[in-house]
Structures are given as C-alpha cells and as structure tokens.
Amino acid sequence: MAQNSHQAQEALTHSPIKGETIAAVATASGCAALGIVRLSGEQALPIALSFLQPKAPLKARSATLAKAHWETPIDEVLATYFPASQSPTGEDLVEVSAHGSPLILKRLLMAALAAGARPARPGEFTQRRFLNGRLDLTQAEAVCDLIRAKTSEAQRAALVQLEGGLSKEIAALRAPLLDLLIRIEANLDHPEEDIPSLSVAEIRQSLAQAAAPLLNLAATFDRGRRLAEGARICIVGRPNAGKSSLLNALLGTDRAIVCASAGTTRDTLEEGADIGGIPSLLIDTAGLREHCGDEVERSGVERAQRALRACDLALLVIDQSKTLEAEDESVHRRILEQAAQQGRPVISVLNKADLPCRNATRGDVSISAKAKTGLQDLLGLIGRRLAPAQLSEGSLITSVRHHQALRGAVQELEQARAAAARWPALWEDRAACHLRQALRRLGEITGEAAPDEILEGIFSRFCVGK
Ligand SMILES: Nc1nc2c(ncn2[C@@H]2O[C@H](COP(=O)(O)OP(=O)(O)OP(=O)(O)O)[C@@H](O)[C@H]2O)c(=O)[nH]1
Ligand SMILES: [Mg+2]
C-alpha cells in the first residue's frame, strides 16, 4: 500500500484533533444500493476535489457527476457541495454518494483522510450544527431519537422535538421567570427608583403560577420515557400459569421454554416487542411461591419481584382451569396490593380458556396462550392501560436529562417561595438567587447553560457520520 494509504489507515484508528475538516461514512455498514461519505469543515471542498474529477465545477446545492480516484479508480459518484451559509453544519459540507459497497466507501474515506480530513467522532456533524447555532441541544438530541425510534409514535415525538417544539415550550416557561427576576433585581439594584415593589404574597403567587406549567411538562415524562425507552411489561403469576406461553404467544416465537412441570422459568427473560405502537419490553419471570425449594428458585423469585417493582404494567397470569388454593390466592392478592400501592396498572389475565373453567376468579381478559385466542383483546387492553390519554399535540419529555432539569427548576422555584415566606425582610436576594438557578436549569435543556460533560455525553450517543 502506498504511503498516503498508510497515513489514512492511521488516521482511521487514532484519536482526532479538534477544529479540522471531518469525514465519515454516513450510511449503515454492509452492502446497499447507495452509500454516502460526508466531509464538513473549511477544507471540505478542496479535500473532496483532491480525489474527485467532476466534469464541471461543483455547483452549490446540486448534485454533480464525478469520477472518484485515489491511487486507482474508485467509483462513479454524485457529489453535492453545500457552502457554509447554506449547509446544515454551518460550515462547508460535501456529500459524496457512491455505490453502497463497504470497500468503495472505505476507499473514499481513506482518500479524504489522506488529503487532510480527520475521522469524525460519533455525532460530530450534529455537534457542529449545534456549535454553529443551526439547532439547539433539544433538537440535536431529537436527531438521535429520530434515528433510533422504533415505532411511529416515538418517531412523531422525536420529530416534534426536532422541529423545535420543546425549545419553544422551554422558552415560554422561561419568559415569566425572567420577567420576575428582572423585577426583583430592579428593586435590589435601584431601591431609590420608584419601581413598584412586589409583596411577598405577590411573589409567592407568581412563583406558583410559573411552576405549574413546568410541573405539567415534567408529568409527560412517564409517557415520553415509555415511548423512548419502551414500556416494561412484566408477566407474573404462579408457577405453571402459562406466563412463558403468553410471552411466546405475544412475540409470535418460541422464545421461552414452556413445560408441563411447575418452576420451568428460573431467570427473568426480556424481549422487545411493538405493542400497539408503543415499543415494549416483555419480561417473563419465575413463578411466584411463598416458600421456595432451593436457592436458584429463591433468586428467581427475587428477580421476579424486582422486575414487578420496576415495571410500567404487570400482566398477572391466572390458570383458570385449576382450582385455586390458599397460596394461589395469597400470591395474587399480594401482587395486586403491591401494584396498587405503587400506582402501577395490572391486567389480570385468565389463561387456559380452552380448558374447562375451575375457578371463579374475575379477570380483565380471558385468553388461551396455547390456542392463541383472546390475544387481540389483551393487546387492546395493554394499549389502553399504557396510553390512557389521547396523544397530545404538544411536547413530551422523553429524556431523563430534560426531566431532571425540569424537576430541578421546580425545586428552585419552591425554594424561592419558601425563602419569601421565611425571610420577609431579606427574601428578594434569596428569591433572585433561586430564580437564577431555575433559569440555569431550564437553559441546560436547550444547551444555553449546559456544561461540557453534558454535551460530550449527548453527542457520544450518536453514530459516526451523523
Ligand atoms: N391447555 C392449555 N395449556 C396451556 C396454556 N398455556 C400454557 N399451557 C400449558 O401450561 C404448562 C405451563 O406453561 P408455561 O408457559 O411453561 O407456564 P409458566 O407460567 O411459564 O410456568 P413456570 O415457568 O414454571 O412458572 C405447559 O404445559 C403449557 O403448554 C393454555 O392456554 N391452554
Ligand atoms: Mg415459565
């Protein structure tokens, strides 16, 4: 291999230096009809032209046919040049679209690296969009969510965020806080001027009014998190009730071992599924007993209980073909009581409906996991329990980071209210301090006040080339 080829290989494996033109394959690995290599930075155009032979000069924002050549011919490609003023990254950008062969794309990338580009870090194109003010942090995060969305609902929520829906809401939440802070600071800084001062009662009321929409937005997190991460649906019940059979029936595959002997499932078993548009994680668990036979079974039961505590919805599977004993009743009661205490929905699923019914337990739905009957009713019920409200048009909080920042801002407002009550003479200083903190927490969401480690963490979640 020629020397520049070695240099390119080195650049592929060594850590990048900041502030240069970056290059990456922007399409997924593997063979495909098309593949794209992107370059962004001051030198994007000359670097691209070092390995491209276009028939005409590259025109801004239009595709030009060119031959790619580096040491030997690579491919016939389409190159599109976006000058900084019209480029998504806010700097010169060239996209080279070639046949989607991993070898072709690797050689195009190596040609770019040999000409002075450096390999892009994960998410660096989006990071440059953010740093160049083309989008704020919530929009940058939405790019990642959009790519990863597993259902149409999750995709829609990410699109609202990408279009600036969340940023607008945060701006609307900040406005009254800023207004309040300005009024308090005007009083503090210019007590001699005749600015009408706020009474303690007024400030307390204004703070409560400002906190309410913050709390409403934070409350969408439960639903938003389910959309982003998936709802955890835990299948629990007594041994042999048909839990693993239900998991298999919902997945449409023989994922879990099913056996006539009780105590087959020992460990928890998780599998992703799309349940009524909501990405879900179905969790099969060991049958619950009050007295466990051995240590493995005890661990299995503990894991089942942990999964139950951490789930969004429990499916309590009850074998309706069996006469219930005292232990069955007490385990069922405990599951229902625990879920009620924690405010988690439970669906009682009467299984084995293909067999004669031998108990009078009232369930929410009757199915046969074996004969696969009643499953549509169950799916409908799951969808309704997980998404009781109609889809709102507004933003949903889907990220833990946004939720924590919102909660933090609400806490600061509560502390400002408390300060106003506790120190009637000195409240203005303290309230102003908490208001500034609340504004900073909201600024973290959009990126105006986000520390470097938050930014690093966000962009490292991206794939290379995005
Ligand atoms: N007739 C009938 N049998 C079923 C049905 N669902 C499950 N079974 C049978 O019940 C037995 C136990 O099923 P599993 O799915 O392994 O039950 P489980 O609750 O996972 O059991 P453990 O893992 O031991 O707690 C197997 O023989 C299944 O074939 C059903 O709807 N109808
Ligand atoms: Mg099982």
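The paragraphs below go through a predicted model, from its sheet to a long-range helix span and then to the ligand shell. In this predicted model, local features need pLDDT of at least 70 and side-chain atom pairs count only at pLDDT 80 or more, while totals for chains, interfaces and linings use all residues. Residues are numbered from 1 along each chain as its sequence is written, and chains are lettered from A and ligands numbered from 1 in the order in which they are written.The open sheet has 7 strands (helices, H or I of at least four residues, and strands, E of at least two, are DSSP runs numbered from the N terminus) in the order β3-β4-β5-β6-β2-β1-β7, with mixed pairing. Its edge strands, β3 (52-54) and β7 (118-119), each pair on one side only, where pairing requires at least two DSSP bridges. Strands β5 (residues 72-82) and β6 (residues 93-100) run antiparallel and are joined by 5 bridges. Helix α3 (residues 102-114) packs on the sheet, its direction making about 10° with that of β2; angles run from 0 to 180 degrees between N-to-C directions, with axes fitted to C-alpha atoms, for helices over the stretch in contact.

Helix α14 (residues 400-422) reaches 32 Å from its first C-alpha to its last, close to the 33 Å expected for its 23 residues, that is, 1.5 Å times one less than the number of residues. Among its buried residues are His 402, Leu 406 and Ala 409, buried meaning that 20 or more other C-beta atoms, placed from the backbone, lie within 10 Å of a residue's own. Their cover includes α8 (200-218), α9 (221-229) and α15 (427-446), contact being C-beta atoms, placed from the backbone, within 7 Å.

Around ligand 1 there are 23 residues, of which Gly 242, Ser 244, Thr 265, Gly 287 and Lys 370 come nearest; a residue is near if its C-beta atom, placed from the backbone, lies within 6 Å. Helix α10 (residues 243-251) gives the largest share of this shell, 3 residues.

How values were computed:
Buried ≥ 20, exposed ≤ 12 C-beta atoms within 10 Å, placed from the backbone. Contact = placed C-beta atoms within 7 Å.
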